[in-house]
Amino acid sequence: MSDFSQQPKQRLRAELLAARRARADRAKADAAIVELLATLAAGKRTVGAYVPFSTEPGGAVMPDALAAVCDRLLVPVVRPDLDLDWEIYDGDGIPLGVRAIAEADLVIVPALAVDRSGIRLGRGGGSYDRALARVGAGALTVAALYSGEFVDVLPAEAHDLRVDAVVTPEGVTRL
Ligand SMILES: Nc1nc2c(c(=O)[nH]1)N(C=O)[C@@H](CNc1ccc(C(=O)N[C@@H](CCC(=O)O)C(=O)O)cc1)CN2
Ligand SMILES: Nc1ncnc2c1ncn2[C@@H]1O[C@H](COP(=O)(O)OP(=O)(O)OP(=O)(O)O)[C@@H](O)[C@H]1O
């Protein structure tokens, strides 16, 4: 059992980021993750996602692959207070406001790890704790992870919001 509930979040983040940098199977894992996410996004009106950093699940091709199968792809714009505004991917760059994410049918969120109850560990800005609170009741929230990042128990705080599912190269798991 992978129980990290008593570990400081800062140390967990550092370990998970170091493991991502050391991965050798990235391209294959990203291809599998993008295929699964594109299947979830297919035919949706509005999808919220993110533009992956170089070591994040999904890789550089993820936004184009998602934009090709849904009507409208929203990506975050970080505000000075670390809250998230949203803009249309590859669009005019006009911010749509923090509430735009409420229109999404599917929200793909970045995470360093997620546990079996849906608690996610992010980068520590509280950005997604705030953004997830605005997601509509009917929307599906999914975190994209590499193998080994879906764990049994993570440290949880009162403000942490859960995701509905995780996508790893092995498949989609509803929580
Ligand atoms: N792709 C992506 N976009 C995202 C997030 C994310 O986690 N991933 N965010 C989630 O909230 C928000 C941005 N928050 C961030 C919080 C911390 C760092 C950060 O520590 N950056 C490192 C280098 C990042 C890397 O290459 O891995 C740095 O600046 O040193 C970046 C973004 C919105 N956009
Ligand atoms: N709804 C909120 N409004 C304002 N600040 C918040 C909110 N939720 C969490 N925070 C603050 O954000 C900080 C980071 O929280 P936490 O460690 O849970 O981040 P995280 O979920 O790992 O990161 P992220 O949400 O950016 O991916 C904490 O100091 C917390 O107080």
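This is a short dialogue on reading the surroundings of two ligands in a predicted model.

User: Which residues surround ligand 1?

Analyst: A good start is to list the residues with a heavy atom within 4 Å of the ligand. For ligand 1, that list includes Tyr50, Val51, Pro52, Phe53, Glu56, Arg123 and Tyr128. Strand E2 (72-78) and helix H4 (127-132) each supply at least two residues of this shell.

User: How many residues of each class are in the shell around ligand 1?

Analyst: Sorting them gives nine nonpolar, one polar and two charged residues.

User: Which polar contacts does ligand 1 have?

Analyst: Look for pairs of N or O atoms within 3.5 Å. One nitrogen atom of ligand 1 lies 2.7 Å from a backbone N or O atom of Val51. The side chain of Glu56 also has an N or O atom 2.7 Å from a nitrogen atom of the ligand. With Arg123, a side-chain N or O atom is 3.2 Å from an oxygen atom of ligand 1. The protein covers 60% of the 690 Å² of accessible area that this ligand has on its own.

User: How does the shell around ligand 2 divide by class?

Analyst: Here there are two nonpolar, six polar and seven charged residues. Helix H4 gives the most to this shell, with four residues.

User: And what lies 2.8 Å from an oxygen atom of ligand 2?

Analyst: You can find a backbone N or O atom of Ser127 at that distance, and an N or O atom in the side chain of His159 at 2.8 Å as well. Of the 650 Å² that ligand 2 exposes when taken alone, the protein buries 68%.

Notes. Residues numbered from 1 in each chain as written. Chains lettered and ligands numbered in written order. Predicted model: local features only at pLDDT ≥ 70, side-chain atom pairs only at ≥ 80, totals over all residues. Heavy atoms only, no water. Polar contact = N/O pair within 3.5 Å; in protein donor to acceptor, adjacent residues only side chain to side chain. Areas by Shrake-Rupley, 256 points an atom, 1.4 Å probe, with all protein chains shown as cover. Nonpolar A, V, L, I, M, F, W, Y, C, P; charged D, E, K, R; others polar.
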